[in-house]
Amino acid sequence: MRHRIASLVVGFALSSAAAAAPAAHAAPSTNLAPDAAARFAALALTCLHQEYPNHISHTLNSAADALPPHELTPAFYGCLDWHSDVHGHWLLVRLLRLFPNAPFAVEARSTLNQSFMTDRIDAEAGYLRGAGRASFERPYGLAWLLMLAAELRRWDDPDARRWSGVLAPLETEVVARLEGWLPKLQYPIRVGEHDQTAFAFGLIWDWAGVAGDAQMRKLLGDAAERFYRHDRSCPLAYEPSGEDFLSPCLAEADFMRRVLDPPAFAQWLAAFLPQIPRSGAPAAPPPRTHAWLEPAIVTDRSDPKLAHIDGLNLSRAWMLEGIAHGLPRADARIPVLRAAARRHAAAALPAVSGQYYEGGHWLGTFAVYLTSSAGLR
């Protein structure tokens with residue numbers, strides 16, 4: 001166990017080469033250990049088509065809508081909820097890109113084949129168009145659906161090309177509803193759970209780059225300007241709330257580093273998170289008794305909401321790396337940000353074990369996103 005934990009933490013350390021943007025169809029760079037990849041893949045393979053237990057967010061328009069999950073959303077009905085099932089599919093696709101000859105590859109392709117069937121994806125798109133479902137999985141689940149589509153688009157593989165074509169109608173439906181929603185959204189959503197806008201915007205921004213969707217990039221750029229560009233002194237000390245799995249402050253910064261060039265981002269970050277220490281300077285207020293931004297504490301991993309804190313530590317780790325990645329190379333905040341990222345990764349990665357389904361159905365995705373540098377392109 002000690003060796004496995006060490007391999008995960010070492011695998012998280014990023015070099016500048018690993019952080020470089022890959023070619024459109026190249027396999028992504030990673031230091032993720034094969035045994036850790038197999039463990040994360042097993043979490044998804046266990047739940048993608050496990051229908052129960054199931055937590056659905058479902059509007060019934062008549063008694064005819066009182067159906068089991070596999071009939072309501074026949075492609076993404078497992079892993080407790082729709083968004084977890086969607087990003088569990090992303091997990092498998094990404095790991096197949098990274099480890100095409102891994103022992104889990106045959107089972108993973110077979111599992112994905114069961115989901116990426118034309119009639120099932122068409123039914124998913126039809127479900128989204130149903131009355132009363134305008135806000136279904138918006139923005140979190142919809143953003144992960146686009147990440148799944150982007151991963152397939154970027155993978156030069158016959159199965160991936162076929163799956164991407166099958167998924168296209170649902171991808172188109174998701175894009176249309178997001179593009180209709182963004183101009184009407186008057187205020188950002190600054191919470192630490194699914195409704196947060198900053199995290200979803202980051203995923204959607206990355207999809208738009210892969211898909212070449214200039215209109216989506218423009219809408220997101222406009223949202224960044226009106227929601228975040230003039231923010232100052234984010235109260236990071238008030239975080240986390242008790243059930244967060246996303247940091248409102250760090251997610252906003254991780255989105256803005258995508259939108260702004262490095263010099264502009266460095267200036268914006270100084271005003272937005274002025275409390276980030278600079279390497280070689282004392283932390284404020286003195287004396288320094290703790291490292292800056294310690295990992296959050298998980299008290300009960302069998303509780304589905306308290307287990308969110310493991311996800312918070314994982315997402316903080318990749319957001320801290322993302323923020324560092326967006327700064328000019330000589331910026332004195334980079335060592336502090338990366339040290340904090342390593343602490344959060346070390347605290348959370350050993351907990352991604354599947355011991356409790358409350359975390360096992362979704363934390364594997366967060367672990368893969370972190371350790372495979374998915375947000376750094």
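In this predicted model, Tyr-140 and Phe-245 are both buried. Their ring centres lie 5.6 Å apart and their planes meet at 70°, so the pair counts as edge-to-face, a class that needs planes over 60 degrees apart. The contact joins distant parts of the chain. Tyr-140 belongs to helix H8, whereas Phe-245 sits in the loop between helix H11 (214–227) and helix H12 (248–259). The two residues are 105 residues apart.

A second edge-to-face pair is made by Phe-227 and Tyr-228. Here the centres are 5.9 Å apart, with 70° between the planes. Phe-227 and Tyr-228 are both buried as well. Phe-227 also meets a charged residue: Arg-226 lies over its face, 4.6 Å from the ring centre. In another such contact, the charged end of Arg-133 sits over the ring of Tyr-127, at 3.9 Å from the centre.

Aromatic pairs number 24 in total. Tyr-140 and Phe-245 are part of one aromatic cluster, which also holds Trp-90, Trp-144, Phe-199, Trp-318, Trp-362, Phe-366 and Tyr-369.

The largest pocket has a volume of about 770 Å³. It is lined by 38 residues, and those closest to its centre are His-55, Asp-81, His-83, Glu-137 and His-194. Helix H4 (69–72), helix H5 (82–98) and helix H8 (140–153) each give two or more residues to this lining. H5 gives the most, with four. By type, the lining residues divide into 16 polar, 14 nonpolar and eight charged.

Conventions: Residues are numbered from 1 along each chain as its sequence is written. This is a predicted model: local features need pLDDT of at least 70, side-chain atom pairs count only at pLDDT 80 or more; totals for chains, interfaces and linings use all residues. Side-chain values use heavy atoms; hydrogens and water are left out. On a 1 Å grid over the protein atoms alone, a cavity is a set of points where a 1.4 Å probe fits but cannot get out, and a pocket is an open set with protein on both sides within 12 Å along at least five of seven lines; lining residues have an atom within 4 Å of a point. Grid points are joined across faces, edges and corners, and a volume is the space filled by probe spheres set on the points. Ala, Val, Leu, Ile, Met, Phe, Trp, Tyr, Cys and Pro count as nonpolar, Asp, Glu, Lys and Arg as charged, and the others, Gly among them, as polar. Rings of Phe, Tyr and Trp (its six-membered ring) pair if their centres lie within 6.5 Å; planes under 30 degrees apart count as stacked, over 60 as edge-to-face and the rest as tilted. Buried means under 20% relative accessible area, exposed over 50%, partly exposed in between (1.4 Å probe, protein chains only). A charge sits over a ring if NZ of Lys or CZ of Arg is within 6 Å of the ring centre and within 35 degrees of the ring normal.
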